[in-house]
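Biologist: Could you walk me through this model and what surrounds its ligand?

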Amino acid sequence: MTIQVERIPRIIALANQVGGSGKSTSVVNLGAQLADFGLRVLIIDADDQCDASVALGYEYPDQIVDQKTIYHCLTEKSTKLSEAIVPALCGPFGAEDTKIIENLFLVLGSGEMENAEQHLTTTMGRELWLQNLIEPIKGDYDVILLDCPGSLGLVVIGAILASDEVVACIKPGYKELRGLTRIEQKIEMVRDTFGANGAHAELTGILLVDVPTHRSQGAVWDDGKKMAQETYGDLVLPAVRRSTKIPESYAHQKALLYFDRAGEATADYLAVAKRMGFKRRTNR
Ligand SMILES: Nc1ncnc2c1ncn2[C@@H]1O[C@H](COP(=O)(O)OP(=O)(O)OP(=O)(O)O)[C@@H](O)[C@H]1O
Ligand SMILES: [Mg+2]
């Protein structure tokens with residue numbers, strides 16, 4: 001007899017209405033780290049820029065013949081989320097030396113998601129779109145990470161509603177920190193309005209990325225962290241230092257763990273994973 005062990009995933013949205021604040025980078029590298037811990041991880045690429053998909057090997061997700069993407073799942077009633085799930089890759093799709101990353105899976109993004117807001121506006125129960133899609137596959141993963149677009153529109157409201165936790169990514173700075181109040185308000189609004197539908201997400205982390213390490217780069221490492229900690233205390237996660245390896249690893253379509261295993265930013269994402277309470281699985 002086979003005993004099916006049901007997994008209860010932690011569903012975590014990485015969000016910020018500000019573009020370029022490290023959401024996709026963090027989803028990919030945190031996801032790779034958690035998969036390396038032996039956890040089954042699903043990344044959902046909900047952004048029309050498809051950066052998470054590109055970083056995990058899929059440069060042109062819309063062009064893979066007969067492959068469903070998140071957009072099909074959103075717009076076609078008959079398409080299930082499981083149909084859009086592919087293995088995450090280390091290297092470009094189709095290249096000879098590209099490998100599958102064990103335990104890491106991806107719901108492919110789509111450029112067509114630029115029409116998602118328009119589609120959702122005329123859809124009944126629109127805020128529940130992602131929650132409804134995730135429900136049937138929940139038991140298959142330990143962690144589900146949602147890469148949100150840089151807005152607070154219906155796509156992101158759906159992501160917050162589907163989540164247990166929201167981690168806000170920011171680059172350090174006063175303006176960036178002030179912008180966090182908008183996410184906090186949105187999370188509260190989603191909980192208040194959709195509590196009866198199961199909305200219960202909380203802001204559980206502030207992740208500072210691209211943090212300068214030298215005076216010559218402007219404010220130093222500690223300045224940005226201190227400013228964030230004064231307002232958000234323990235919610236502030238270990239920071240991710242500025243590293244040229246991050247844009248380089250994206251260009252090579254390899255997660256940091258495989259591109260620069262001993263690097264500083266790689267170590268920083270490991271520290272983030274640990275602080276978030278994740279541990280290496282020992283009893284597989
Ligand atoms: N620690 C870091 N060191 C150096 N560059 C970084 C770091 N973190 C992120 N970046 C760079 O910052 C840019 C924005 O990062 P990313 O794409 O992850 O942000 P995003 O929030 O997903 O953006 P968008 O809102 O456009 O989706 C990228 O070019 C990325 O390479
Ligand atoms: Mg992004």
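**The ligand and its pocket**

Modeller: Happily! The space taken by ligand 1 is the largest pocket. A pocket is an open set of points on a 1 Å grid over the protein atoms alone, where a 1.4 Å probe fits, with protein on both sides within 12 Å along at least five of seven lines; a molecule sits in one if more than half of its atoms lie within 2 Å of its grid points. This is a predicted model, where local features need pLDDT of at least 70 and side-chain atom pairs 80 or more, while totals for chains, interfaces and linings use all residues. Residues are numbered from 1 along each chain as its sequence is written, chains are lettered from A and ligands numbered from 1 in written order, and side-chain values use heavy atoms, leaving out hydrogens and water.

Biologist: Which residue has a polar backbone atom 3.0 Å from a nitrogen atom of ligand 1?

Modeller: Polar contacts here are pairs of N or O atoms within 3.5 Å. An oxygen atom of the ligand is 2.9 Å from a polar backbone atom of Gly22, and an oxygen is also 2.9 Å from a side-chain N or O atom of Lys171. For the nitrogen atom at 3.0 Å, the partner is Arg241.

Biologist: How much of ligand 1 does the protein bury?

Modeller: Taken alone, ligand 1 exposes 630 Å² (Shrake-Rupley method, 1.4 Å probe). Of that area, the protein buries 81%.

Biologist: Is Gln253 buried or exposed?

Modeller: Buried means under 20% relative accessible area, and exposed over 50% (1.4 Å probe, protein chains only). Gln253 has a relative accessible area of 6%, so this residue is buried.

Technical notes: Polar contact = N/O pair within 3.5 Å; in protein donor to acceptor, adjacent residues only side chain to side chain. 1 Å grid on protein atoms, 1.4 Å probe; cavity = no way out; pocket = protein on both sides within 12 Å on 5 of 7 lines; lining within 4 Å.
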